[in-house]
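Please find below my notes on the model, set out as numbered points. They begin with a short question and then go from the whole chain to single residues.

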Amino acid sequence: MDRVVLSSLLRINRHHRRTLKCALAPYQYVGVMHLIVIYVSRSPGTSQEEIAGYFALDKTSVARDARRLEELGHLERRTAPENRRQYQLFLTPAGQDMIQVIDRAMEEFQKNLSAGISPEDWGRLALLLKRLEENACQI
């Protein structure tokens with residue numbers, strides 16, 4: 001594989017992280033907090049372990065950021081009935097409000113990223129990237 005492709009993907013990811021960091025800083029969001037909120041909004045009652053596995057993150061980082069989100073009042077952690085050492089995560093109304101803030105920041109980044117790219121080319125790129133992601137997940 002051409003190193004330019006991987007290098008470009010990594011640079012795009014760094015710009016994406018920087019953009020989100022700036023947009024979410026006023027809300028005291030750091031690290032992967034936005035990823036946790038997004039995942040919990042789509043899968044209420046999910047566990048920290050599921051989030052860590054899905055995003056290939058360190059379980060400790062997810063636990064720390066989930067605790068911070070709970071302190072901010074954006075997340076509620078409940079002990080799982082089937083495993084008292086595990087938490088189920090739920091968004092609070094304040095956490096639901098943050099989904100809109102996160103979505104706006106992500107949409108703005110995607111709008112800028114896709115400028116000058118036709119919908120057809122964007123669709124082909126999406127298919128290729130999905131294939132790359134599937135390959136990476138098998139490593």
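How many disulfides does a search of the whole structure find?

1. The search finds zero disulfides, a disulfide being a pair of cysteine sulfur atoms within 2.5 Å. Two cysteines may be noted here: Cys-22 is exposed at a relative accessible area of 56%, and Cys-137 is exposed at 62%. For these and later statements, buried means under 20% relative accessible area, exposed over 50%, and partly exposed in between, with a 1.4 Å probe and protein chains only.

2. On provenance, this is a predicted model, in which local features need pLDDT of at least 70 and side-chain atom pairs count only at pLDDT 80 or more, whereas totals for chains, interfaces and linings use all residues. Residues are numbered from 1 along each chain as its sequence is written, and side-chain values use heavy atoms, with hydrogens and water left out.

3. The protein chain has six helices and three strands, and along the sequence these follow the pattern α-α-β-α-α-β-β-α-α. Helices (H or I, at least four residues) and strands (E, at least two) are DSSP runs numbered from the N terminus. The C-alpha atoms fill a box of roughly 45 × 35 × 25 Å along the principal axes, and buried residues account for 28% of the 139 residues in the chain. Of the contacts between residues at least 6 apart in sequence, 53% join residues at least 24 apart, where contact means heavy atoms within 4.5 Å.

4. The packing of helix 2 (residues 33-42) on helix 4 (residues 59-72) deserves a paragraph of its own. Two packed helices are described by the angle between their axes and the distance between the axes. Here the axes come within 9 Å and cross at roughly 80 degrees, which makes helix 2 roughly perpendicular to helix 4. The axes are lines fitted to C-alpha atoms, for helices over the stretch in contact, and angles run from 0 to 180 degrees between N-to-C directions; those under 35 degrees count as roughly parallel, over 145 as roughly antiparallel, 65 to 115 as roughly perpendicular, and the rest as oblique.

5. Which residues make this contact? Helix 2 supplies Met-33, Ile-36 and Val-37, while helix 4 supplies Val-62, Asp-65, Ala-66, Arg-68, Leu-69 and Leu-72. By class, the contact has seven nonpolar, no polar and two charged residues, on a scheme that counts Ala, Val, Leu, Ile, Met, Phe, Trp, Tyr, Cys and Pro as nonpolar, Asp, Glu, Lys and Arg as charged, and the others, Gly among them, as polar.

6. Helix 4 can also be considered by itself. At 1.5 Å a residue, its 14 residues should span 20 Å, and the end C-alpha atoms are 20 Å apart, which agrees; the expected span is 1.5 Å times one less than the number of residues. Val-62, Ala-63, Asp-65, Ala-66 and Leu-69 of helix 4 are buried, and the buried residues of this helix pack against helix 2, helix 3 (48-55) and strand 2 (75-80). Just after helix 4, Gly-73 takes a positive phi of about 85 degrees.

7. Most residues other than glycine have a negative phi, and most peptide bonds are trans. Two backbone values are therefore worth checking by eye: Gln-28 has a positive phi near 65 degrees, and Ala-56 has a positive phi near 55 degrees. Gln-28 is in the loop between helix 1 (3-24) and helix 2 and is exposed at 56% relative accessibility, while Ala-56 is in the loop between helix 3 and helix 4 and is exposed at 70%.

8. Leu-57 lies in the loop between helix 3 and helix 4 and counts as partly exposed at 25% relative accessibility. Not counting residues up to four places away in sequence, Leu-57 touches Val-32, Leu-35, Ala-52 and Val-62. The C-alpha atoms of Leu-57 and Val-32 are separated by 8.8 Å, with their positions 25 residues apart along the chain.

9. Is His-34 buried or exposed? His-34, which is in helix 2, is buried, with a relative accessible area of 12%. Leaving aside neighbours within four places in sequence, His-34 is in contact with Leu-20, Leu-24, Tyr-29 and Ile-102. By contrast, His-15 in helix 1 is partly exposed at 40% relative accessibility.
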